[in-house]
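User: Hi! I'd like to walk through this model with you, one question at a time. Could you take me through the reasoning as we go?

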Amino acid sequence: MEIELSCNSYAFESLTVEPFNAEPPRSALISSYVTPVDFFYKRNHGPIPIVDDIESYYVSICGLIENSKDLFMRDIRMLRKYNITATLQCAGNRRTAMSNVRTEEKMIMLSPGLTSYEMQHAVWSGAKLADVLELVGIPNLTSVTRSGGKHVEFVSIDKCKEENGGPYKASIPLSQATNPEADVLLAYEMNGEAQYSVVALFLVVWATSCLNPVELTSWLTLNSNAYSKFFLSIIMPKPLNRDHGYPLRVVVPGVIGARSVKWLDTINILAEECQGFFMQKDYKMFPPSVNWDNINWKSRRPLMDFPVQHNTETCWLTVRNLLTRGRECDEAWKADPQLLYNLQAKVSGYAVSGGGRGIERVDISVDGGKNWVEASRYQKTGIPYIADHMSSDKWAWVFFEVIIDIPHSTQIVAKAVDTAANVQPESVETIWNLRGVLNTSWHRVQVRVGHSNM
């Protein structure tokens, strides 16, 4: 007897070489609360820049402020370090499902290969942008500077064709940037992973175990520079890698990933929002009536907070009351075919909402949405998840799971609701848009049960 489970999601990596884009296998997504760096999605609009000389690297803060300033990495690291647990999501997440409804050439051409896995979760470490802006005389909770600055623009080192060879850039309101509770970071570490040098470990062990105190003191004096570098290579947390913005990137929690600019070069204080391509002619959501012939980019605001979203990632089936195998299993099925449909399924996945809103519930249906059961929710093992409670990570995804009876071959449907009562729309057709962004429709998993004589 064969029980077959097929899912309307994609379990393969989708890659483009120039610019480099990659998605993880589905199984990697909810294997842990924090996504390992190696499985974190990679989304780029141009070649990945290389920063070799970290000692001379700096970020310029300029624009509508009284005193411009260049900040080196050592200056930023001297500020208080924060660890912010946050989920990043590309606005084109689940674009493939939207393009299956109706295809527009530029929807696919501009952003190929986005299926369901452009959303992952990490612990970001760095200085709060609010603290950095205080260094140039902009107090916390400022909405406008004395010179009329109302927006903070982030300019990258990388170059992209959409900007005619210029840098990628995006902006957020100054009121958000100067609000410590918004947790906007200039991040230089990801997931706090320790990196170890085998050579350094060997030398440290040798120096401390094989030398007497006098010899050890002499050795340390002669090799203080080298020793300190080796020691730091052992104890320092892992910096960002090149794919994710080394040496410094912006992380704007609760907002589409396009605003979390990587490889940061400049912070501009502006009177108006960034006028770059990815703010003014991309990452905007239009009604289904708009096409490339009648589009008016100025009629829509740039996307910021992402809506409530979820993805059903894993499911398995068990046959209840059918314990026989092989020929006995086939004979049992022939005697009572209803045994085949006496099934249970475990449905699990993750849900998240923008703007720091928690997940109030996740509903699961096995009959196309006529009847629903509520799934349990959790973030950290042993700690009950309470939406919008101080014990919960407000910028982070929430795992869910439920074991539910499956009466027959069917389609499992799931939808999430956030604390503002925002609920996912039923159909992708109703939210189709020209750029294929923010597909937050119900996620559907097809379960097919069949019999085999093999």
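User: Which residues line the second largest cavity?

Analyst: Happy to, keeping in mind that this is a predicted model. The second largest cavity has a volume of about 40 Å³. By class, its lining has 6 nonpolar, 3 polar and 3 charged residues. The lining residues are Ala 351, Val 352, Ser 353, Arg 357, Gly 358, Ile 359, Gln 379, Tyr 385, Asp 393, Lys 394, Ala 396 and Val 398.

User: Which residue forms a salt bridge with Arg 357?

Analyst: Arg 357 sits in the loop between strand S13 (343–352) and strand S14 (359–365), and its partner is in strand S19, 61 residues apart. The closest N and O atoms of the pair are 3.2 Å apart. The partner of Arg 357 is Asp 418.

User: Is Asp 418 buried or exposed?

Analyst: The cut-off for buried is under 20% relative accessible area. Asp 418 has a relative accessible area of 1%, so it falls under that limit. Arg 357, at 23%, counts as partly exposed. Asp 418 is therefore buried.

User: What is the volume of the largest cavity?

Analyst: The count comes to 3 cavities of 30 Å³ or more. The largest cavity is lined by 23 residues, with Arg 43, Arg 249, Gly 257, Ser 260 and Lys 262 nearest its centre. Strand S4 (82–89) and strand S6 (151–159) are the elements that give two or more residues to this lining. The volume of the largest cavity is about 300 Å³.

User: How many charged residues are in the lining of the largest cavity?

Analyst: Sorted by class, the lining of the largest cavity includes 10 nonpolar and 7 polar residues. The charged residues in that lining come to 6.

User: Which residues are joined into one network by salt bridges that share partners?

Analyst: Let's start with one pair: the side chains of Glu 189 and Lys 81 meet at 2.7 Å, N to O. Glu 189 is in strand S8 (residues 185–194) and Lys 81 in the loop between helix H1 (73–78) and S4, 108 residues apart. Glu 189 is buried at 2% relative accessible area, whereas Lys 81 is partly exposed at 37%. Salt bridges that share partners make one network of Arg 77, Lys 81 and Glu 189.

User: How many residues apart are Arg 435 and Asp 282?

Analyst: These two form a salt bridge, with the closest N and O atoms 2.7 Å apart, and both Arg 435 and Asp 282 are buried. Arg 435 lies in the loop between S19 and S20, and Asp 282 in the loop between helix H9 (277–280) and strand S12 (309–319). Along the chain, the distance between Arg 435 and Asp 282 is 153 residues.

User: Which residue follows Tyr 246 across a cis peptide bond?

Analyst: Most peptide bonds are trans. Here omega is near 10 degrees, and the bond is cis. The residue after Tyr 246 is found in the loop between strand S9 (237–239) and strand S10 (249–251). That residue is Pro 247.

User: What is the phi of Ala 421?

Analyst: Ala 421 lies in the loop between strand S19 (410–418) and strand S20 (443–449). At 58% relative accessibility, Ala 421 counts as exposed. The phi of Ala 421 is a positive value in a residue other than glycine, near 70 degrees.

User: How many residues are in the largest nonpolar core?

Analyst: Leu 129, Val 152, Phe 154, Leu 248, Ile 256, Leu 264 and Ile 267 have the most contacts inside this core. Among the residues Leu 264 touches are Tyr 57, Val 59 and Leu 186. The residue count of the largest nonpolar core is 52.

Definitions and conventions: Residues are numbered from 1 along each chain as its sequence is written. This is a predicted model: local features need pLDDT of at least 70, side-chain atom pairs count only at pLDDT 80 or more; totals for chains, interfaces and linings use all residues. Side-chain values use heavy atoms; hydrogens and water are left out. A nonpolar core is a set of buried Ala, Val, Leu, Ile, Met, Phe, Trp, Tyr and Cys residues joined through side-chain atoms within 4.5 Å. Buried means under 20% relative accessible area, exposed over 50%, partly exposed in between (1.4 Å probe, protein chains only). Contact means heavy atoms within 4.5 Å. Helices (H or I, at least four residues) and strands (E, at least two) are DSSP runs, numbered from the N terminus. On a 1 Å grid over the protein atoms alone, a cavity is a set of points where a 1.4 Å probe fits but cannot get out, and a pocket is an open set with protein on both sides within 12 Å along at least five of seven lines; lining residues have an atom within 4 Å of a point. Grid points are joined across faces, edges and corners, and a volume is the space filled by probe spheres set on the points. Ala, Val, Leu, Ile, Met, Phe, Trp, Tyr, Cys and Pro count as nonpolar, Asp, Glu, Lys and Arg as charged, and the others, Gly among them, as polar. A salt bridge is a side-chain nitrogen of Lys or Arg within 4 Å of a carboxyl oxygen of Asp or Glu. Lists of a residue's contacts leave out its neighbours within four places in sequence.
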